[in-house]
Structure formats: C-alpha cells, structure tokens
Amino acid sequence: MFVTTADPVLEPPIITVNTVLSLMAVDYPVSKLACYVSDDGCSPLTYYSLVEASKFARLWVPFCKKYNVHVRAPFRYFSVAEVSSGNGESSEFRQECEKMKEEYGKLCCKIEEATGKQPSSWDVTYSGDLAAFAHVERRNHPTIIKVIWENKYDTWAGEEGLPHLVYISREKHPEHPHHYRAGAMNVLTRVSGVMTNAPLMLNMDCDMYANNPLIVRYAMCVLLDARREEGFVQFPQSFYGALKDDPFGNQLFVGAGISGIQGAFYGGTGCFHRRKVIYGLCPVDNTGEFSEKELLRIFGTSIEFAESAGLALKGHTNSQTNTSRGRLLDSVEVANQVAGCNYESSSNWGKPNIGWQYGSTTEDVLTGLGIHTRGWSSVMCNPYPVAFLGCAPTGGPASLTQQKRWATGLLEILISGRNPLISVFTAKLQFRQCLAYLWINNNSNFLSSAIPSSLLIASSTTPISSRSCKIQESTS
C-alpha cells in the first residue's frame, strides 16, 4: 500500500495520518500487508506524525476489528453524530469508544503542538531518528528511509497485529530531475520490491482514506479470477464535504461505460496494480523469464532489486522471496541505494512499459495508457459502501489549478509519440479504447465532439460491483 504526500502545509500531516490508519485497519491478514509513505516534502513533522500515529494504531486497529467498525479513518468516525458498530452499542463498546476518542484527541494535540515548532522542542524519545532531517532542504537532501513499525507476527489483530509501516523521503538534487509524483511512485515500487516484494500494489493519495474495510478482498476477487487476468483494478474517486450541486465538477465520474472495451482508466489513486505489469510484462509473455544481465539493464544496477524483480515477473509472492518477515531493517541499505536520485540514469525506469511513466504531468493517464497499449485490460470495481473517500477542492482557484494540470498533462500525451491514435496501429490498444482516451482529453474537444457516443458504449458493460465480489461480511 503506497501513500504519497508532498507538502505538509497543503496536505496537513493529520490528513495523511488518517489515510494511513484507515489502510492499516483494513480487513485482511496483516502479515500480507505493508504500508509505505512517500514524503516528497522531507518533513520531520510528517515523520513525527506517523510515528505517533503508529502508537495510536496499536489501540485503534484492534478496536476496529473487535467491533467491526465500518469507517476506519478516526477523523470521520468521530465526526458523525452517533457512533455505532456492527455489534450494537453495548456498555463495553461505549467505554472503549470514548477511550479511542480521547486517545485520538491526544494524537491530534501532539501533531498540532508540533506544527510550526523546531523538532528540537518536541517531546520525543526518538530524537536520534529526527537528526536525519537536520539541515535538509526540500529539493536537496539525501534519502531518508525509516521503518516505523515492523510486523514480526502472524496475528490477525492485537497489540502486535499491525502491517509494516515504512517512511520514505527519496533523495533529491537540483541537478537531477525528480519527475514529480511519477518519480515518487517508482521509488516506492523499488523500495517495496527489496523489502517485501508483494505481487500487488495499492496506491493512494494522502487525502483519500479507505472508506470500506473490505477493499482488499474486493480487489482480490477480481485479480485472483483465473478466467481473466486483469492489469489493474480501479475504484471510483468519491469525495466527502463537497459543495452542493458540485459547481466545480469534482464528483465527475470518468470511465463509466467502457468496461466492455479494455476497461477503466487509471485514476492515479485507489488503484490495485500487479507488480509484474508495472515491471513491463505483457499478457502474451507471462513467463517472466529474463537473464540477470537483462534485469540489471532494465531495472538498474542493484543486484538485490534485480533478483526481486525477476521473482515478481515470474509471479512469485512475497513469501517466496529472499526477504522474510522480520527483516525489513536488513534491507534498508539496499532500499537507500534504489531510492537515490541517480539510480535511474542507467535503467529504463519511466520509459515506455517500465514503472510509472515520465513525460506528462498526468502520469496516471499515461501509465494506464501504456498498460492498455500492451494488451492488458482493467476493471472498475464499485462496491457499496464506496471504497475510498477523498477531500475535494472547495474553492474555485484550487479546482482550476487542478484542472489546468490535468488539461496540460493530457495535451502532453496527445502531442507525444504515445498518442493513443498511434498505439492503435503500432501496439495493442483497441480502437474504441483509443476513442475513450481521446474523449477524456480536455484539450482536444474538436476530436471528442466528432465521436458518436454510441462508439464508446457499444457492447460495454457496467462497472463491477459487489455482485461479482461475493464476500461474507463477518463480525468479530
């Protein structure tokens, strides 16, 4: 599970903390989960907030699973008028709920008091870890990787029953391009590859929390279906606290009606990817057989990462790799190497087919297009309750800035060599899927207006919902 943040001012750490807590509390065996947080702002406040949140998580996660709490982001759970659980409101539940609310209040106070102050004034017992942030600049600093919590047990819940939690701030230098969010995602992919090497990856924006605790199981229903192997599973982007009638178009649902072609667009958040697909594998070449020399040429000079990539391409799970539970700290040195700003210079990262794609500010659309171009299909999974809820811009300037970025990125794709029209003839992008990509391009209205809607929706189906994900919801 990847969570990305870049600015502790625009993206307050308490929001990131709630996203991380909601992911750590999902209903899935914790021994199969790991949460990696990428901090492109290299903020000691973000790291401090995550450390304090991990302490609260030892209480919060067992509480959620014991009482089958549905909303597992604390700030949303405690904001409702009446707090309830799946097991009714017993006196024991009410007492524990009040305790959780009090502990969460303490966590918020700690983060609020630390905001705007120097780390030396914080009341912490791990000041040695904060020393790594001394004298660093946001755009010029070495790699900082901290294992905040390491799960060494197989317990489902309890004091020790938490997924791995790892903080990452990749190296930056003015002379090396960092490729914005796409670069951060590629670093997360490499670091997780040498640490846990799970075959599936969920990426999240820091302001979009897990609203449905069964999200991983819903995704597994699709990704483990032997009848058809999908490239990725995308969940819709939904938002809380939006303005009435949504005047800025934040609730616009893009992608409905194309499930019958090659599937949903990659939306940049709330998406489960197969690691081997991100590593460039095609559906027709599913063996993943590469020599060590080829792996080093494609993925960089780290022998350890090349070995983990080779295993991932063959479809091996994290339990079959050389990285075993309880040894994350042993892989930190290699993780620092693959997170370096010059690591990609002798590799194919960011180039067509390998990793998150460079060349557009809308790296999500470009990456999803590359996956469809190789012949993979995708699925839109739309369960109830909605899988993820995010914080949408509530003001005109913020909305316009966001939409300008989208429009710029889509235009960059349209005028590049990876234009969807070209991929129809040179690769495996279906023609109607190409039309769908042209339709979302806000800077090519002259094209989209000429495309009959019937071409896009013919033979299409509705998004996958809970009808295909028959999960027995159990209560503790």
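Leaving aside neighbours within four places in sequence, which residues is phenylalanine 235 in contact with? I looked this up in a predicted model.

**Entry 1: phenylalanine 235**

I set aside the neighbours within four places and listed the rest. Phenylalanine 235 touches Ile215, Tyr218, Ala219, Thr269, Gly270 and Phe272. It is also in contact with Met380, Cys381, Pro383, Ala387 and Phe388.

**Entry 2: the cores**

Next I looked up the largest nonpolar core, which has 68 residues. Phe235 is among the five members that touch the most other members. The others named with it are Trp60, Phe63, Ile215 and Phe388. I then asked which helix gives the most to this core. Helix α2, residues 44–66, does, with 12 residues. Another core, of 42 residues, lies apart from the largest one. Its members include Phe232, Leu295, Phe299 and Ala335. I noted a general point here: in soluble globular proteins, nonpolar side chains tend to be buried together.

**Entry 3: the sheet**

I traced an open sheet of eight strands. Its order reads β3-β4-β2-β1-β5-β9-β7-β10, and the pairing is mixed. The edges are β3 (144–149) and β10 (378–380), each paired on one side only. From one strand to the next, the twist averages 20°.

I then checked one pair within the sheet. Strands β5 (residues 200–205) and β9 (residues 271–274) run antiparallel, with four bridges. Asparagine 203 has cysteine 271 in β9 as its bridge partner.

**Entry 4: a helix on the sheet**

Helix α1, residues 13–24, packs on the sheet. I found that α1 touches β1 (2–5), β2 (34–39), β4 (164–169) and β5. The direction of α1 makes about 180° with that of β1.

Notes
Residues numbered from 1 in each chain as written. Predicted model: local features only at pLDDT ≥ 70, side-chain atom pairs only at ≥ 80, totals over all residues. Heavy atoms only, no water. Pairing = 2+ DSSP bridges. Helix = DSSP H or I, 4+ residues; strand = E, 2+ residues; numbered from the N terminus. Axes fitted to C-alpha atoms, helices over the stretch in contact; angles between N-to-C directions. Contact = heavy atoms within 4.5 Å. Core = buried A, V, L, I, M, F, W, Y, C linked by side-chain atoms within 4.5 Å. Buried < 20%, exposed > 50% of the residue type's maximum accessible area, 1.4 Å probe, protein only.
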